[in-house]
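Reader: Hi! Could you walk me through this one while I have it open on my screen?
Author: Happy to, let's pull it up.

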Amino acid sequence: MLNRLRRRFFLLCAGMTGAVLLLLMAALDGVMEREYRAMSLRGQREVFQLLQSRLRQEREIENAWLGRLERENRLILSIADNGIPLYFSGGWQPQTPRAVLLREAAGRAKEGEGFRLRGEQQESYRCLYSRITEGQRDYALLALFHLGEEENGIWLLRRRFLLAGGAGLLALSALSFKLAKLAVRPTERSIKEQNAFIAAAGHELRSPLAAMGASACAILADPPGTERYVRAITGECNRLGRLADDLLLLSRADTPGFTLQSAEISLDTLLIETAEGLCPAVREQGHRLSLCLPEQEELPAIFGDALRLRQALENLVLNAACHAGGEGDIQLSAVREGKTVRIAVIDHGRGIADAQKSRVFLRFVRGDDARSDRSHSGLGLSIVQEIIRLHGGEITLMDTPGGGCTFLLHLPAVKRKKGPG
């Protein structure tokens, strides 16, 4: 599927950019050809005007001069004085006989107009005609300019544009191929993450289902122990319920239309209530939870969903308790930093290796200490990250001096309008 998507994107990108390039090259080639033909015509008119000037100023024109003029300009001349053609054998021999060309050109000649003529060998000429009256003399001047050099120049110009267009198409194709790979890469990464997520979710679901199946079979085999097995099944059902709730929260957070039940929150109250509610659970794991708040001033209010923020703090504190080790204390603190509030959850356990820090917020990733604890699904820190992101904040991880981990939450404070004065 990805290969087909990449190929279609490449064809679309290469086709559109290639079409635009070809249109631009064709337009530029047309402009250059018109300019080239106009420049050639200007040169031919200058030669024609020179002939007209000589005929007006001089009574006689040497055949040698006319022959040289013809050879240098690939020109065929015919001059008639009062309707009598002047004898001139020409300075060069065209592919089609001169007489044939001049006869056909004379039949089409009109004063002040130029036209094109094609010979018997398909060579092209541009014809210019003029009548010059000086006293009793009436000259008819007909000039046929061979267009071989002009057409060769046009074809050379076209070949250059074709080569430039071909090189441009190759470059655009290479760029389109690279862009197609880059464009599909997020989708490819998303599919890999989705497959990994589904595999991990399946693994997490399999364990409680297996435990419930085993307990159900044990009830049939050992009826007196039914109460104990029912308690085990109930525990696994509760575990499945918590896992389903976590998965639903993450799924909703990934939906663009997901919104929080937001209101203005007193951060001091939220932290105090969260700490009081967590103290028993932390104490059961052999740790002590301490809360550190500023003594001189009240923390600024924040705008958000109090239940979700409390869930995020509970996940962080319980995660710290799981990894604190020994009888280490866990600290929950908050301070104001400019326009934000920084909340810290600090433990003094073994910490997290630098190589693993970038993965702790991935879904279904658990530390070594939590692998044996079936109550941890590996979604806690992912949920925390999503909740903080939805509140416009940021979560970071750093080492605690002396050992352990410190999770820092940065949340925007509510802006207060200054009163008068």
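Author: One term before we start: two strands pair if DSSP finds at least two bridges between them. Also keep in mind that this is a predicted model.

Reader: Thanks. Which residue in β10 is the bridge partner of Ala334?
Author: The partner of Ala334 is Ile343. The two strands involved, β9 (residues 330-337) and β10, pair in the antiparallel sense over 7 bridges.

Reader: And what does the turn between β9 and β10 look like?
Author: The two strands form a hairpin with 2 residues between them. Gly338 sits in that turn and has a positive phi of about 65°.

Reader: Is β10 mostly covered or mostly open?
Author: Mostly covered: 5 of the 7 residues in β10 (residues 340-346) are buried.

Reader: Which other strand is joined to β10?
Author: That would be β12, which runs antiparallel to β10 and is joined to it by 7 bridges. For a landmark, find Thr340, which stands opposite Pro412 in β12.

Reader: Nice. So what does β11 pair with?
Author: Strand β11 (residues 394-399) also pairs with β12 (residues 405-412), in the antiparallel sense and over 6 bridges. Met398 is a good place to look, as Thr406 in β12 stands opposite.

Reader: How many residues lie between the strands in that hairpin?
Author: There are 5 residues between β11 and β12, and Gly402 in this hairpin takes a positive phi near 90°.

Reader: Let's switch to helices. Which residues of α9 are buried?
Author: In helix α9 (residues 380-390) they are Leu381, Ser382, Ile383, Val384, Glu386, Ile387 and Ile388. Just after α9 comes Gly392, with a positive phi of about 75°.

Reader: Those were glycines. Which residue other than glycine has a positive phi near 50°?
Author: Arg74, with phi near 50°. Arg74 is in the loop between α2 (63-73) and β1 (75-81). Its relative accessibility is 38%, so Arg74 counts as partly exposed.

Reader: And what is the phi of Gln122?
Author: Gln122 has a positive phi of about 70°, although it is not a glycine. You'll find Gln122 in the loop between β3 (114-118) and β4 (124-134).

Reader: Why does Gln122 count as exposed?
Author: Because its relative accessible area is 51%, and exposed means over 50%.

Reader: Good to know. Where is Asn319, and is that residue buried or exposed?
Author: Asn319 is in helix α7 (residues 306-324). With a relative accessibility of 17%, Asn319 counts as buried, because the cut-off for buried is under 20%. The C-alpha atoms of Asn319 and Val345 are separated by 9.8 Å, and these residues are 26 apart along the chain.

Reader: Now charge! Which residues gather in a patch of positive charge on the surface?
Author: Lys178, Lys181, Arg185 and Arg189 gather there. Arg185 belongs to helix α4 (residues 148-221). Arg185 has 42% relative accessibility, so it counts as partly exposed.

Reader: Last one: where is Ala232?
Author: In helix α5 (residues 226-253). Ala232 is partly exposed, with a relative accessible area of 33%. Its C-alpha atom is separated by 9.6 Å from that of Ala216, and the two residues are 16 apart along the chain.

Conventions. Residues are numbered from 1 along each chain as its sequence is written. This is a predicted model: local features need pLDDT of at least 70, side-chain atom pairs count only at pLDDT 80 or more; totals for chains, interfaces and linings use all residues. Side-chain values use heavy atoms; hydrogens and water are left out. Patches are made of residues with over 30% relative accessible area and no salt bridge: like charges are joined within 9 Å, nonpolar side chains (Val, Leu, Ile, Met, Phe, Trp, Tyr) within 5 Å. Accessible areas come from the Shrake-Rupley method with a 1.4 Å probe; for residues, only the protein chains shown count as cover. A salt bridge is a side-chain nitrogen of Lys or Arg within 4 Å of a carboxyl oxygen of Asp or Glu. Lys and Arg count as positive and Asp and Glu as negative; His and the chain ends are not counted. The place of a charge is taken as NZ of Lys, CZ of Arg, CG of Asp or CD of Glu. Helices (H or I, at least four residues) and strands (E, at least two) are DSSP runs, numbered from the N terminus. Buried means under 20% relative accessible area, exposed over 50%, partly exposed in between (1.4 Å probe, protein chains only).
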